[in-house]
Amino acid sequence: TVEPDYFQWALSAVSSVSPGQFMQQIRHDTSKMIFSSFGRIKRENLSHDFWARGYLVVLGIRPHPVEMVKQYIRLIRRQQGLHTL
């Protein structure tokens, strides 16, 4: 699901890899792909990480409830000192 403020996907991973390790790898790999395709974004981003800090992991086979995702985004933005949705 792709929305203006977030996207979510369902996946299956081996249990020997923690969600944190898995997300770090996804963030690294996708940031690298985005920066290689969009050089201007890379030049403007000194962190070498395209993604905002934080991620929400929910176990199960259904998509995350929209309101849960929006509450999480509001919480993270508040922690970062940014305005909420």
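**Notes on a three-helix chain**

1. Let's start with the overall layout. Reading along the sequence, you meet the pattern α-α-α. In other words, the chain has 3 helices and 0 strands. Keep in mind as you look around that this is a predicted model.

2. Now for the overall dimensions. The C-alpha trace spans about 35 × 35 × 20 Å along its principal axes. The chain has 85 residues, and 15% of them count as buried. Its accessible surface comes to about 7,100 Å², and carbon and sulfur atoms account for 58% of that.

3. A word on contacts and charges. Take the contacts between residues at least 6 apart in sequence: 34% of these join residues at least 24 apart. As for charge, the chain carries 11 positive and 6 negative charges, and the mean positions of the two sets are 3 Å apart.

4. Have a look at helix α1, which covers residues 19-37. How far should its 19 residues span at 1.5 Å a residue? The expected span is 27 Å, and the end C-alpha atoms are indeed 27 Å apart, so the two values agree.

5. Stay with α1 and ask which of its residues are buried. They are Met23, Ile26, Arg27, Ser31, Ile34 and Phe35. Because these residues cover an arc of only 145° around the axis, they sit on the same side of α1. Notice that Arg27, a residue counted as positive, is on that buried list. What do the buried residues of α1 pack against? Their partner is α2, residues 39-44. Turn to the other side of α1 and you'll find Gln21, Lys32, Met33 and Ser36, which are exposed.

6. Next comes the loop between α2 and α3, where you'll find His48. Is His48 buried or exposed? Its relative accessible area is 59%, and exposed means over 50%, so His48 counts as exposed. The backbone here deserves a second look too: phi of His48 is near 65°, a positive value in a residue other than glycine. Most residues other than glycine have a negative phi.

7. Helix α3 takes up residues 66-79. Its 14 residues should span 20 Å at 1.5 Å a residue, and the distance between its end C-alpha atoms is 20 Å, which agrees. Val69, Ile73 and Ile76 are the buried residues to pick out in α3. Seen down the helix axis, they fall within an arc of 65°, so they line one face of α3. The face turned away from that buried side carries Arg78 and Gln79, both exposed.

8. One more residue in α3 is worth a click: Arg77. Its relative accessibility is 24%, which is why Arg77 counts as partly exposed; the partly exposed class lies between the 20% limit for buried and the 50% limit for exposed. You can also compare Arg77 with Asn45: the two are 32 residues apart in sequence, and their C-alpha atoms are 19 Å apart in space.

9. Finally, see what comes after α3. The helix is followed by Gly81, whose phi is positive, near 80°.

Definitions and conventions: Residues numbered from 1 in each chain as written. Predicted model: local features only at pLDDT ≥ 70, side-chain atom pairs only at ≥ 80, totals over all residues. Heavy atoms only, no water. Helix = DSSP H or I, 4+ residues; strand = E, 2+ residues; numbered from the N terminus. Buried < 20%, exposed > 50% of the residue type's maximum accessible area, 1.4 Å probe, protein only. Contact = heavy atoms within 4.5 Å. Areas by Shrake-Rupley, 256 points an atom, 1.4 Å probe, with all protein chains shown as cover. Charge placed at Lys NZ, Arg CZ, Asp CG, Glu CD. Expected span 1.5 Å × (residues − 1). Arc of directions from axis to C-beta.
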